[in-house]
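Please open the model in a viewer and keep the selection panel at hand. The tour below proceeds one selection at a time.

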Amino acid sequence: MDNVLAARALMGVSLGFHIVYATIGVGLPLMLMIAEGLALRTGEELYHRMARRWIRPAGVLFAIGAVSGTILSFELGLLWPRFMKFSGPLIGLPFWMEGFAFFTEAIFLALYLYGEKRLSRRALFLCTIPLTVAAAASAVFVISANAWMNTPSGFHLAEGKAAGIDPLAALASPAWPHEAVHGTLAAYVATGFAMAGIYALALLRGRRTRYCRKALTLTLAVGTIALPLLLFSGDWAATFLAHHEKAKLAAAEAHFETGAGAPLIVGGWPDPQTQTVPYGLKIPKLLSLLAHRDPNAVVTGLDAFPPDQRPDPRLVHPFFDLMVGAFFLMALAAAWFWWRRWRSGDFPADRKLLAAVLVASPFGMIALESGWLVTEFGRQPWAVMNHMRVAQGATPAPGIALVFFLFLAVYLLLSVGLLKTLLRRPAEVQREERDHDDA
Amino acid sequence: MTTLSALAAAILLLGVIMYAVFGGADFGGGIWTALASGPRRREQQESLFQAIGPVWETNHVWLIFVVVVLFMVFPAGFAALFIALLAPLVIALVGINFRGAAFAFRHFGRENGKTLPFVAEVFEISSVLTPFAMGMAVAAAAGGSIRLAGGQVVSGTWDWITPFTIGGGVVGLAICAYLAPVFMTLRTVGELREDFRQRAMVAGWVLGVLSALEIPVAVLSAPVFAARLPAPRTLACIALAIAFGLAAEGCLWRRLFRAGQLAAAGAVAFILAGFGAALYPDLILGQLSIAAAAAPRPTLTAFFTVLPCGVVILAPSLVFLYRTFGGAPNPENPPDDFRV
């Protein structure tokens, strides 16, 4: 395995793994805050119990998130030392701020997780506020570093080196606002739907308790409130791409030829050789309308870029469609649920409806991972857009393939251990939980 | 410029010290879980397990702190160190992951009355492996075996293994093994406390002897580093390390546990400060100076602007955390007189 490919594969696997736990780390604190707040406000003990029951498995997930995040911070140096030598002075600032946010998050998580017997109920609730804020801030800062790679700012090149360095301008790179908003909202949607799915499954399996109904309603509500906002931030992102990251948009939409009145292509398998998209569904003029608010506007295609500077639409377009498709799937399931709930004025006990929520539940996470793949594959071959190619940033140290397989084994072992720990819980614990559901 | 980068290097050293003192004690907990002995073996392991729980993730963040300071403020040093020290850093990283995951799995399993096989062993082995690899990596910066030419690393993948860096790994282990029982004396009572007191005193002498032995090893294996030791600032750090170490032994002898904890932390801090003082003004001994590794001035300015803002949030939160979980280690069963 070629060194650069091994470095890319390892970074990709590491990020793909970490994103799941980081997402839960952003989304779950909000749920804890809402549940503890509801418990204090309404005096309904059930919500407090709910939050305390979440926090135990969540503690394990947070720990995996912390250690897999450490892998990433090391990999920046182990795999991409030349990229970091160039970018460190520029994107160090968001990581530095993220460091403090993560510190705060870890502290208040520990207080909430372990503090039940040592802190008052009010203090426990108050701990969830800095926890939620710090978690969201972590996400927003880390995303700034990614945004800078997409739309680098705050420097100019002089003899191959960055000069005129302005870390604040690098922090606030053009792509940051929409990426930060879209990414953070996506974490809330992904967590909300994933948790709702767990309760839909419990209800389908016959655990028809008030606890499960309340928990499903609460988690799905958080997911559903964030979902339409995702539509707006996604549209914001797409119009931004149309102006500032044209190659990425063209690859995402499998749009080969620059032209006016561009159609939107749904599905299909883009073929760079023939510049066509077999099996794709074409909707006339829609891409121009969405990207430029004008059905006859010119949309830049992949042909506007030299062949060695084009992202591969086969890696971008399918994930883009998967992300958008996942959105509509979740929107349908959520709409059905809330419509039925509104009509009947009570929790809808329909099995088909619960099955729909269950089916939709992993798609928040799937959409989030797909969106990340779109933004990363869509920037290829660049690590820092138009300034540094991925291969130029990689380590000269040999043997990265070995490191890749080593960490692949680490991730596999962690995943197996995690699944065994979380899923195979003794029957008496499950029975006890069920008995407590309606206590 | 030079002053700013030297100041930033001091912050970096402070991060390393904080990680060693707090994170190191957690690894030491794993080491003493493996080394637990005597009639109260189970109780020793149990109290270590409970003491680590609420704080290890927070303590672990000091490592992230160090890495971030390194790549933001000293990007050239970060790149060179991570290329030259690929192997020990990968080993440490694997250890960090298994230690953290094993602890989390065990903790969750405990709450649910179910444990996975091998998890305890993985926790203990990775608690030994990680500080050793980390100690080697830190020592390698001063070992003289990393060579740069024109800013590029030219030394080989395994050049960092020398008697001096192996000594660094052993001292790293000894630091962890020393701090954990010292801190535990404040969190236990009765015979269990006496167990930890004895172990702390023995580990203190072991750490002192091993650190002292590292000096003749340096003379033989890292002569450039050894030549820098007689500088006044380094000698002052060594003297303070010895003074704090002896004070800690005295406090433990007289059962002044709170003072003993502070003195022990001081001894470890000054061992590392002495290392830093001998390395100064270099980041990689004889190859890359702190000033040459530093990022441009605007980055340093941004770094020092964010620092106080971060500290204002961080310091009170940390104090609150340690106050809440101080005292008897079991978070589910706080002492009667305990109120926050």
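Is the crossing of H2(A) and H3(B) left-handed or right-handed? Select these two helices, bearing in mind that the model is a predicted one. The crossing of H2(A) and H3(B) is left-handed. Their axes lie 10 Å apart, and the packing angle is about 20 degrees. Because angles under 35 degrees count as roughly parallel, H2(A) is roughly parallel to H3(B).

Next, show the side chains where these helices meet. From H2(A), select Ala63(A), Ala66(A), Thr70(A), Ser73(A), Phe74(A), Leu76(A) and Gly77(A); they meet Glu57(B), His60(B), Leu63(B), Ile64(B), Val67(B), Val68(B) and Phe71(B) of H3(B). Coloured by class, this contact shows nine nonpolar, four polar and one charged residues.

**The second partner of this tour for H2(A)**

Keep H2(A) selected and add helix H5 of chain B, residues 86-111. The axes of H2(A) and H5(B) are 9 Å apart, at an angle of about 175 degrees. H2(A) is thus roughly antiparallel to H5(B). On the chain A side, the residues to select include Arg56(A), Pro57(A), Val60(A), Ile64(A), Val67(A), Ile71(A) and Leu78(A). On the chain B side, they include Leu86(B), Leu89(B), Leu93(B), Asn97(B), Ala101(B), Phe105(B) and Glu111(B). By class, the contact of H2(A) with H5(B) comprises 18 nonpolar, four polar and two charged residues.

**H3(A) against H3(B)**

Now hide H2(A) and select H3(A) together with H3(B). The two axes are 8 Å apart and make an angle of about 165 degrees. Angles over 145 degrees count as roughly antiparallel, and H3(A) and H3(B) are therefore roughly antiparallel to each other. Their crossing is left-handed. Among the residues of H3(A) that take part are Met84(A), Gly88(A), Gly92(A), Trp96(A), Phe103(A) and Ala110(A). Those of H3(B) include Thr58(B), Val61(B), Phe65(B) and Met72(B). This contact has 15 nonpolar, four polar and one charged residues.

**The whole contact between the chains**

Widen the selection to the full contact, which takes 59 residues from chain A and 60 residues from chain B. On the chain A side, the elements giving two or more residues are H2 (45-78), H3 (81-114), H5 (167-171) and H14 (400-423) of chain A. H3(A) gives the most, with 21 residues. The chain A side divides into 38 nonpolar, 13 polar and eight charged residues.

**Single residues and one further helix**

Select Ala203(B), which lies in helix H8 (residues 190-221) of chain B. Is Ala203(B) buried or exposed? Ala203(B) counts as buried because it has 25 C-beta neighbours inside 10 Å. Beyond its neighbours within four places in sequence, Ala203(B) is in contact with Ala177(B), Tyr178(B) and Pro181(B).

Move to Thr239(A) in helix H7 (residues 210-244) of chain A. Thr239(A) counts as partly exposed, because it has 16 C-beta neighbours inside 10 Å. Add Ala291(A) to the selection: Thr239(A) and Ala291(A) are 52 residues apart in sequence, yet their C-alpha atoms are 4.9 Å apart.

Finally, select helix H10 of chain A, residues 313-344. From its first C-alpha to its last, this helix of 32 residues reaches 46 Å, close to the 46 Å expected at 1.5 Å a residue. Just after H10(A), Gly345(A) takes a positive phi of about 70 degrees.

Technical notes
Residues are numbered from 1 along each chain as its sequence is written. Chains are lettered from A and ligands numbered from 1 in the order in which they are written. This is a predicted model: local features need pLDDT of at least 70, side-chain atom pairs count only at pLDDT 80 or more; totals for chains, interfaces and linings use all residues. Two residues are in contact if their C-beta atoms, placed from the backbone, lie within 7 Å. Helices (H or I, at least four residues) and strands (E, at least two) are DSSP runs, numbered from the N terminus. Ala, Val, Leu, Ile, Met, Phe, Trp, Tyr, Cys and Pro count as nonpolar, Asp, Glu, Lys and Arg as charged, and the others, Gly among them, as polar. A residue is buried if 20 or more other C-beta atoms lie within 10 Å of its own, exposed if 12 or fewer, and partly exposed in between; C-beta atoms are placed from the backbone. The expected span of a helix is 1.5 Å times one less than its number of residues. Axes are lines fitted to C-alpha atoms, for helices over the stretch in contact, and angles run from 0 to 180 degrees between N-to-C directions. Angles under 35 degrees count as roughly parallel, over 145 as roughly antiparallel, 65 to 115 as roughly perpendicular and the rest as oblique. A crossing is left-handed if the near helix is turned anticlockwise from the far one by less than a right angle, and right-handed if clockwise.
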